[in-house]
Amino acid sequence: MPQPIRLLALWAFFGLVLSATGDLWAADRQNVLFIAVDDLRPQLACYGKSFMKTPHFDRLASRGVLFERAYCMVPTCGASRAALMTSVRPARDRFTTHLTWAQDEARGMVPLNTQFKNSGYTTLSLGKVYHHPTDHADGWSEPAWRSRLPAYQDLEASEKDIAENKRRWPEKNRHRGAAYESFDGPEDNYPDADTTQRALGHLKKLAGSP
């Protein structure tokens, strides 16, 4: 029986799971785990940053392919997501802001998730792959999923940070708390852990498929 092929892409706090089974694939095809990070530098030991302690990433990198020359095509998240998923470069009138819609700004292009789906894969979006969850929705086997858990657990500190941001930058239309927090509580309360657990659930389910 041919072995199923799966692609799991973890993209910072989000990712996509792709699975193909049955006679479509040869038995020697490898499963694929694709991890990309948005809004962060590759500050990992497997990238030569010896002061970072990232044993799980390092172990995974030693077993797979580590992309060492993958560059951000445009310095804003929604546009860079669209560029990566469609293989279309940004231009003056395309992929310029975080509000980019790949399906509108690169019409006629087949994005990565749709290409896999058209090739027989089950495609699942976990977290924020495109900026808009309904962007190229027909390329997913199920509606795109995102965690609804709050980003902050220390609400008092978060509200204080937001109030300070509003005071310093009143012209902004959206204010957020700090980029990180130190909270004495279970990590399961965070969106990252919620997304990870959902991804693990899908992988276990797919591993048992024929």
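Two residues are in contact when they have heavy atoms within 4.5 Å of each other. Keep that in your pocket for the exercises below.

A quick word on the model: it is predicted, so to speak of local features we need pLDDT of at least 70, side-chain atom pairs count only at pLDDT 80 or more, and totals for chains, interfaces and linings use all residues. Residues are numbered from 1 along each chain as its sequence is written, and side-chain values use heavy atoms, with hydrogens and water left out.

**Exercise 1. Get to know the chain**

Task: Find how many helices and strands the chain has, and write down their order.

Solution: Start with the rule. Helices (H or I, at least four residues) and strands (E, at least two) are DSSP runs, numbered from the N terminus. Now count: the chain has 6 helices and 4 strands. Then read along the sequence, and you get β-β-β-α-α-α-α-β-α-α.

**Exercise 2. Inside or outside?**

Task: Work out what share of the chain is buried, then sort Ser-87 and His-136 into buried or exposed.

Solution: First, the cut-offs. Buried means under 20% relative accessible area, exposed means over 50%, and partly exposed is in between (1.4 Å probe, protein chains only). Of the 210 residues in the chain, 32% are buried. Next, Ser-87 sits in the loop between α2 and α3 (102-105), and its 67% relative accessibility makes it exposed. His-136 lies in the loop between β4 and α5, and at 10% it counts as buried. Finally, look at the backbone: Ser-87 has a positive phi of about 60° although it is not a glycine, and His-136, also not a glycine, has a positive phi of about 50°.

**Exercise 3. Who does Gln-153 touch?**

Task: Place Gln-153 in the chain and list its contacts beyond its neighbours within four places in sequence.

Solution: Begin with the address: Gln-153 is in the loop between β4 and α5. Its relative accessible area is 18%, so it is buried. Now set aside the neighbours within four places, and Gln-153 is in contact with Glu-181, Phe-183, Asn-189 and Tyr-190. Take Tyr-190 as a check: it is 37 residues from Gln-153 along the chain, yet their C-alpha atoms are separated by 7.8 Å.

**Exercise 4. Explore helix α2**

Task: Describe the surroundings of Arg-81 and Ala-82.

Solution: Both steps start in helix α2, where you'll find Arg-81 and Ala-82. Arg-81 is buried, at 3% relative accessibility. Its side chain reaches the backbone oxygen of Lys-128 at 2.5 Å. On to Ala-82, which is buried too, at 1%. Leaving aside neighbours within four places, Ala-82 is in contact with Phe-95, Thr-100 and Ala-102. It is also 53 residues from Asp-135 in sequence, with 9.4 Å between the two C-alpha atoms.

**Exercise 5. Find the core and its ring pair**

Task: Say how many residues make up the largest nonpolar core, and find which rings pair up.

Solution: A nonpolar core is a set of buried Ala, Val, Leu, Ile, Met, Phe, Trp, Tyr and Cys residues joined through side-chain atoms within 4.5 Å. The largest one has 12 residues, including Val-74, Met-85, Phe-95, Tyr-130 and Trp-140. Helix α2 (residues 77-86) gives the most to this core, with 4 residues. In soluble globular proteins, nonpolar side chains tend to be buried together.

Now for the rings. Rings of Phe, Tyr and Trp (its six-membered ring) pair if their centres lie within 6.5 Å; planes under 30 degrees apart count as stacked, over 60 as edge-to-face and the rest as tilted. That gives 1 aromatic pair. The ring centres of Tyr-130 and Trp-140 are 6.4 Å apart and the planes are at 70°, so this pair is edge-to-face. Tyr-130 and Trp-140 both lie in the loop between β4 (122-126) and α5 (155-168), 10 residues apart. Tyr-130 is buried at 3% relative accessibility, and Trp-140 is buried at 4%.

**Exercise 6. Check a helix with a ruler**

Task: Compare the expected span of helix α6 with the distance between its end C-alpha atoms.

Solution: The expected span of a helix is 1.5 Å times one less than its number of residues. Helix α6 (residues 191-207) has 17 residues, so it should span 24 Å. Its end C-alpha atoms are 24 Å apart, which agrees. Last step: the buried residues of α6 are Pro-191, Ala-193, Thr-195, Ala-199, His-202 and Leu-206.

Definitions and conventions:
Polar contact = N/O pair within 3.5 Å; in protein donor to acceptor, adjacent residues only side chain to side chain.
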